[in-house]
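The following paragraphs guide the reader through the structure shown below. They proceed from the parts of one chain to the places where those parts meet.

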Amino acid sequence: MSDMAETAAELGQLDRGYEPARPRSRWLWVRAFWQRKPAVLATIVLLVILIAAIFAPQIAPYDPNAQDYEFLEAPSLRHPLGTDDLGRDLFSRIVYGARISLFVGVSTVVLAMIIGVVLGLLAGYYGGWIDTIITAYVDLQWAFPNFIIAVYLVAVFGTGLTNVIIAVMLAYIDDFSRVVRGMVFSIREQQFVLASRAAGAGDARIILRHILPNSLAPIIVQATVGVSSAILAEATLSFLGLGVKPTTPTWGLILSDARTFFSRGWWLALFPGMAITVTVLSINFLGDALRDIFDVREYD
Amino acid sequence: MTQFLIRRILVSIVVIWAVATLVFFMLRIVPGDPIGAMLSDVDPAAAEALRAKLGLDQPAYVQYFRWMLNTLRGDLGNSIYGNNQPVNQIIAEALPRTLSLSFLAMIIALVISFTAGIVSAMKKGTWLDHIVTFIAILGLSMPNFWLGIMLIIIFAVNLHWLPAIGYSPLSDGFWPWFSHLILPAIAVGAPFAAIIARMIRSAMLEVSREDYIRTARSKGLSARSVIFTHTLRNALIPVITVMGIAFALLMTGAVVVENVFAIKGLGRVMIQSILNRDYPVVQGAILIVSLVFVATNLLVDILYTVVDPRIRY
């Protein structure tokens with residue numbers, strides 16, 4: 001936490017209320033980020049994973065579902081991470097798995113962010129009965145961990161990729177609307193917003209020009225943390241059999257498929273789990289750095 | 001305080017009722033029912049008879065009120081599979097396993113996190129501190145089910161030190177109970193330990209800059225006394241604020257990790273019943289799991305006031 005104070009002082013933000021964000025500090029942000037080597041390294045790792053996901057057909061040496069007679073082979077030159085019980089190439093399956101993991105992680109959080117931000121803005125800005133209803137719903141979700149909400153929703157909707165995306169997306173809405181609602185309350189009565197209103201600005205202008213830009217930092221931090229936990233949620237759901245349909249190569253499902261063969265093939269347990277851990281770890285490092293740089297307090 | 005407590009308990013009851021009701025109706029709105037999956041293609045008449053027997057032919061609201069009344073009387077219905085085991089009995093068998101697992105996980109996690117957190121705060125900026133910080137972030141990033149699998153491979157499959165799966169009740173002796181639970185407990189406790197360790201570290205560093213710590217040190221108290229009675233005690237307050245989140249992680253972990261270690265606890269019962277679309281069990285499991293979460297939240301709120309007398313509701 002101590003280097004956080006240094007960065008904040010450097011950005012001249014130590015005694016801030018919420019001042020409007022100005023480009024003057026943009027390069028300082030880049031510099032502050034560059035000074036955090038773990039975060040820089042994490043970003044590079046994430047870019048590599050992203051490239052692997054996008055160019056999976058070019059990178060993977062085999063079709064992820066192609067079966068071969070080389071069952072349960074240890075890592076070798078032909079199969080860099082070995083093969084599974086059906087003779088499928090583990091490396092190819094993990095590379096393709098990156099597609100689903102990243103897609104689910106990012107798409108669910110982006111959707112949850114859009115819905116959550118709109119709900120938070122409505123609740124915080126208009127108050128009254130709108131706030132009461134939205135807050136009641138958000139508090140209901142808040143009483144349970146996101147993953148448990150996702151399990152409940154899968155119980156209701158059933159399994160499969162689309163249902164998992166809907167379930168995880170809905171489970172993460174409350175995080176965003178809580179953050180945004182709180183931000184709106186703290187910004188709404190600030191001098192510059194009142195000045196803007198006095199100058200005749202309407203609701204839409206105040207929300208879009210003042211409140212949203214100034215809530216951006218906590219939203220970005222929340223989204224980053226959200227992606228890592230959504231990736232974990234998808235992997236866990238798939239592992240439990242509540243996720244994507246069998247044969248789809250995803251990291252959680254590869255681990256689940258291989259369950260009975262772990263004693264004969266340690267690579268089947270090690271590599272898919274490492275793929276999940278490295279991805280989530282990198283995003284968490286990134287999130288920590290962003291939290292420090294934007295000086296967002298961890299809320300309770 | 002009493003007023004706060006009453007309001008808080010009422011809200012908790014409403015939350016549980018809302019979850020149970022939402023789940024009940026959503027299960028019925030979504031197409032596809034278990035009887036259909038079991039019998040319709042084979043024997044439509046038998047399917048109808050079974051539906052009538054289970055009351056599934058009634059309108060949803062009738063089923064709902066019947067279920068609600070029975071639930072309030074403490075009867076959660078019967079499983080629709082096998083020998084129609086009562087849901088009460090299934091849960092009564094499962095709950096002690098989940099609680100055992102969570103309890104042991106918490107003890108292990110607290111011991112590890114306090115040691116790690118205090119050491120890394122005292123050695124701030126050294127390589128030891130960096131390693132602890134890194135392991136803590138790693139603990140939060142590793143999927144708990146994967147950690148469980150790796151522990152099985154290392155300690156059960158290769159070293160043969162501990163049993164790989166299963167559960168043995170405490171009444172059959174401490175060691176069988178402990179040896180079955182230690183690996184899953186570590187898998188469940190890891191993220192909990194990570195959160196608490198990070199929190200203790202930053203809270204201790206924050207408190208150590210306070211005036212009263214300087215006073216304590218300048219009046220000649222030993223380093224040990226300053227750290228344990230002055231710094232640590234005050235550092236506990238912010239730590240307890242994350243206890244709610246940490247407990248939630250613990251319970252969620254238990255729900256998942258039980259499935260790796262084939263422990264028939266609440267989590268395994270819930271996941272299996274979802275996979276089988278065994279509605280009465282799904283509803284019962286969700287109700288009890290929700291109850292555990294809401295009760296823990298309530299407990300943590302009360303704990304705040306005990307630890308920090310400045311907080312009064």
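In this predicted model, chain B is assigned two domains, domain 1 (2-87) and domain 2 (95-307). Between the C-alpha centres of domain 1 of chain B and domain 2 of chain B there is a separation of 33 Å. The two domains nevertheless touch: 26 residues of domain 1 of chain B are in contact with 18 residues of domain 2 of chain B. Together, domain 1 of chain B and domain 2 of chain B bury about 1,900 Å², and carbon and sulfur atoms account for 73% of that area. On the side of domain 1 of chain B, B:Arg8, B:Ile16 and B:Leu27 supply 27% of the area buried against domain 2 of chain B, more than any other three residues. As for charged pairs, the rule finds 0 salt bridges across the interface of these two domains of chain B.

Both domains also take part in enclosing a space. The second largest pocket draws at least three residues of its lining from each of domain 1 (2-87) and domain 2 (95-307) of chain B. This pocket holds about 510 Å³ of space. Its lining consists of 21 residues, and those nearest its centre are B:Leu54, B:Trp67, B:Gly77, B:Asn78 and B:Pro280.

Which helices of chain B each supply at least two residues of this lining? They are helix 1 (2-29), helix 3 (44-54), helix 4 (60-72) and helix 12 (279-307). Helix 4 of chain B gives the largest share, with 4 residues. In chemical character, the lining of the second largest pocket comprises 9 nonpolar, 8 polar and 4 charged residues.

The remaining step leads from chain B to its partner, chain A. The contact between them involves 42 residues of chain B and 36 residues of chain A. The area buried between chain B and chain A is about 3,500 Å², with 80% of it coming from carbon and sulfur atoms. Within the part that chain B buries against chain A, B:Ser141, B:Phe145 and B:Trp146 supply 16% of the area, more than any other three residues.

How many salt bridges are counted between chain B and chain A? The count is 1. B:Arg198 forms a salt bridge with A:Asp288, and the closest N and O atoms of the pair are 2.7 Å apart. A salt bridge requires such atoms to lie within 4 Å, so the pair of B:Arg198 and A:Asp288, at 2.7 Å, meets the cut-off.

Methods. Residues numbered from 1 in each chain as written. Chains lettered and ligands numbered in written order. Predicted model: local features only at pLDDT ≥ 70, side-chain atom pairs only at ≥ 80, totals over all residues. Heavy atoms only, no water. 1 Å grid on protein atoms, 1.4 Å probe; cavity = no way out; pocket = protein on both sides within 12 Å on 5 of 7 lines; lining within 4 Å. Points joined across faces, edges and corners; volume = space filled by probe spheres on them. Nonpolar A, V, L, I, M, F, W, Y, C, P; charged D, E, K, R; others polar. Domains from an automatic or database assignment. Contact = heavy atoms within 4.5 Å. Buried area = accessible area lost by both parts, 1.4 Å probe. Salt bridge = Lys/Arg side-chain N within 4 Å of Asp/Glu carboxyl O.
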